Amino acid sequence: MMSFLFTLVISFGLCILCASAELQRFAHSSKHDGSLSFLVLGDWGRRGAYNQSQVAFQMGKVGEKLDVDFVVSTGDNFYDNGLTSEHDNAFEESFTKIYTAKSLQKQWYSVLGNHDYRGDAEAQLSPVLREIDSRWLCLRSFIVDSELVEIFFVDTTPFVDDYFTEPQEHKYDWRGIGPQKPYITSLLKDLELALRGSTAKWKIVVGHHAIRSVGHHGDTQQLINQLLPILQANNIDFYVNGHDHCLEHISDTESPIEFLTSGAGSKAWRGDIKQMNRKGLNFFYDGQGFMSVKLTHTDATIEFYDVFGNVIHRLTSSKLLRSSM
Ligand SMILES: *[C@@H]1O[C@H](CO)[C@@H](O)[C@H](O)[C@H]1NC(C)=O
Ligand SMILES: [Zn+2]
């Protein structure tokens, strides 16, 4: 009897361990004046084609002006099908040799997109890439913590049921994920715990897929059902994503969350927009470009840029007063 109980306790303990693990956390200090700035880019790796190089050039200029602390990638890092291995030269051809400006020689924090899962997904997570280019850091889900802001990176591809049930001609690399449901349940649990414990002034969540978008792919229903309620309950300021090859800004109609899409790093100009008259839609641009974020203890300034480096939309948000242009 004793040994039976003992076994029960052990296996219960183990079960807690395997069902939940703390998200890996990276400290990134803010500037001496207490501010922090970074660029956000998505859907980019095409060996410079489709104006990827032009966008990179403008990022370099804006990066210098804002003295950015790091760069965030919202995924779909390498087209068409991620990397074939750690030694795929697409890594250098689409990343190292493209983002060459001095201001971009900072840490990059990346998540995986659905296209990245169509290759060797684990290759992008590998430390071997960091030996080739030390700027690179890509994990499935993790946290960047600067005290002023906590940025929660979430692996959104496994949320999308169609990739499992109707993969069509695509093959997804689900190694390291295991069955879909327990993976998502445990990820959401870890995220919720981290969000609840966060004391940062600003809370930003980054994923590849949009929660709300009027672009080609539109909303991601599984994220609306499963992720959004957790973000709404935990005072998230911004949800940032790629996937749709556009730039957009949509205000949540049920909470102060602003949805920001930066997925215009290379191929764009799809020209298809759904629901032009959607409530909360502040800005949509279907061309190439990127986004910048500048944070202080009281204010956030977010700007969207086109391929010429023009600011085409600005959003300012204050901890006392929210407004948008
Ligand atoms: C590159 O950008 C220019 C200027 O906006 C645009 O006219 C052109 O179509 C773009 N080229 C590609 C291949 O997307
Ligand atoms: Zn995508």
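# Reading a mixed sheet from the inside

Guide: Let's start with strand S7, which is mostly covered: six of its six residues are buried. Keep in mind that this is a predicted model.

Visitor: Which residues of S7 sit on one side and which on the other?

Guide: The general idea first: side chains in a regular strand alternate between the two faces of the sheet. In S7, Val 149, Ile 151 and Phe 153 are on one side, with Glu 150, Phe 152 and Val 154 on the other, and all of them are buried. Both faces are covered, then.

Visitor: How many bridges join S6 to S7, and do they run parallel or antiparallel?

Guide: To read a pairing, look at the direction and the bridges. Strand S6 (residues 142-145) and strand S7 (residues 149-154) are antiparallel, joined by four bridges. You can find Ile 143 opposite Phe 152, while Asp 145 has Glu 150 as its bridge partner. The hairpin has three residues between the two strands, and there Glu 147 takes a positive phi near 70 degrees.

Visitor: And in what sense do S7 and S8 pair?

Guide: That pairing is parallel, over six bridges. Phe 152 turns up again here, standing opposite Val 205 in S8. There's a helix to add too: H7 (residues 180-197) lies across S6, S7 and strand S8 (202-207), and runs at about 175 degrees to S7.

Visitor: In what order do the eight strands of the open sheet come?

Guide: Read across the sheet rather than along the chain. The order is S1-S6-S7-S8-S9-S11-S10-S12, with mixed pairing. Strand S1 (24-27) and strand S12 (281-285) are the edges: each has a single partner strand, so one side of each has no neighbour in the sheet. From one strand to the next, the twist averages 15 degrees.

Visitor: Strand S2 caught my eye as well. How many of its residues are buried?

Guide: Strand S2 (residues 36-41) has six of its six residues buried. Try the alternation idea on it: Leu 36, Phe 38 and Val 40 point one way, and Ser 37, Leu 39 and Leu 41 point the other way. For its partners, S2 pairs with strand S13 (residues 289-295) in the antiparallel sense over five bridges, and the bridge partner of Leu 39 there is Ser 292. S2 also runs parallel to S3, with four bridges joining them; Phe 38 stands opposite Phe 70 in that pair.

Visitor: On to backbone torsions. Which peptide bond is cis?

Guide: Omega is the torsion to check. The bond from Tyr 79 to Asp 80 is cis, with omega near -5 degrees. Tyr 79 belongs to the loop between strand S3 (70-73) and helix H3 (90-96), and Asp 80 lies in that loop between S3 and H3 as well.

Visitor: Is Tyr 79 buried or exposed?

Guide: For burial, count the C-beta atoms around a residue: 20 or more within 10 Å means buried. Tyr 79 has 24 others within 10 Å, so it is buried. Leaving out residues up to four places away in sequence, Tyr 79 touches Gly 45, Arg 46 and His 115. The pair Tyr 79 and Arg 46 is 33 residues apart in sequence but 5.8 Å apart in space, C-alpha to C-alpha.

Visitor: Which loop holds Asp 43, and what is its phi?

Guide: Asp 43 is in the loop between S2 and helix H2 (52-66). Its phi is positive, about 60 degrees, although Asp 43 is not a glycine. Asp 43 counts as buried because it has 30 C-beta neighbours inside 10 Å. Compare Asn 235, in the loop between helix H9 (228-233) and strand S9 (238-241). Its phi is positive too, near 55 degrees, yet Asn 235 is partly exposed, with 13 other C-beta atoms within 10 Å.

Visitor: Which residues are around ligand 1?

Guide: The surrounding residues are Tyr 50, Asn 51, Trp 269 and Val 307. By class, the shell has three nonpolar, one polar and no charged.

Visitor: Last one: how does the radius of gyration of the protein read?

Guide: Set the value beside that expected for a globule. With 325 residues, a compact globule would be near 20 Å; the protein has 19 Å, which agrees. The protein contains nine helices and 16 strands, and 42% of its residues count as buried. Among contacts between residues at least 6 apart in sequence, 75% join residues at least 24 apart.

Key:
Residues are numbered from 1 along each chain as its sequence is written. Chains are lettered from A and ligands numbered from 1 in the order in which they are written. This is a predicted model: local features need pLDDT of at least 70, side-chain atom pairs count only at pLDDT 80 or more; totals for chains, interfaces and linings use all residues. A residue is near a molecule or strand if its C-beta atom, placed from the backbone, lies within 6 Å of it. Ala, Val, Leu, Ile, Met, Phe, Trp, Tyr, Cys and Pro count as nonpolar, Asp, Glu, Lys and Arg as charged, and the others, Gly among them, as polar. A residue is buried if 20 or more other C-beta atoms lie within 10 Å of its own, exposed if 12 or fewer, and partly exposed in between; C-beta atoms are placed from the backbone. Two residues are in contact if their C-beta atoms, placed from the backbone, lie within 7 Å. The radius of gyration is taken over C-alpha atoms; the globule rule is 2.2 Å times the number of residues to the power 0.38. Two strands pair if DSSP finds at least two bridges between them. Axes are lines fitted to C-alpha atoms, for helices over the stretch in contact, and angles run from 0 to 180 degrees between N-to-C directions.
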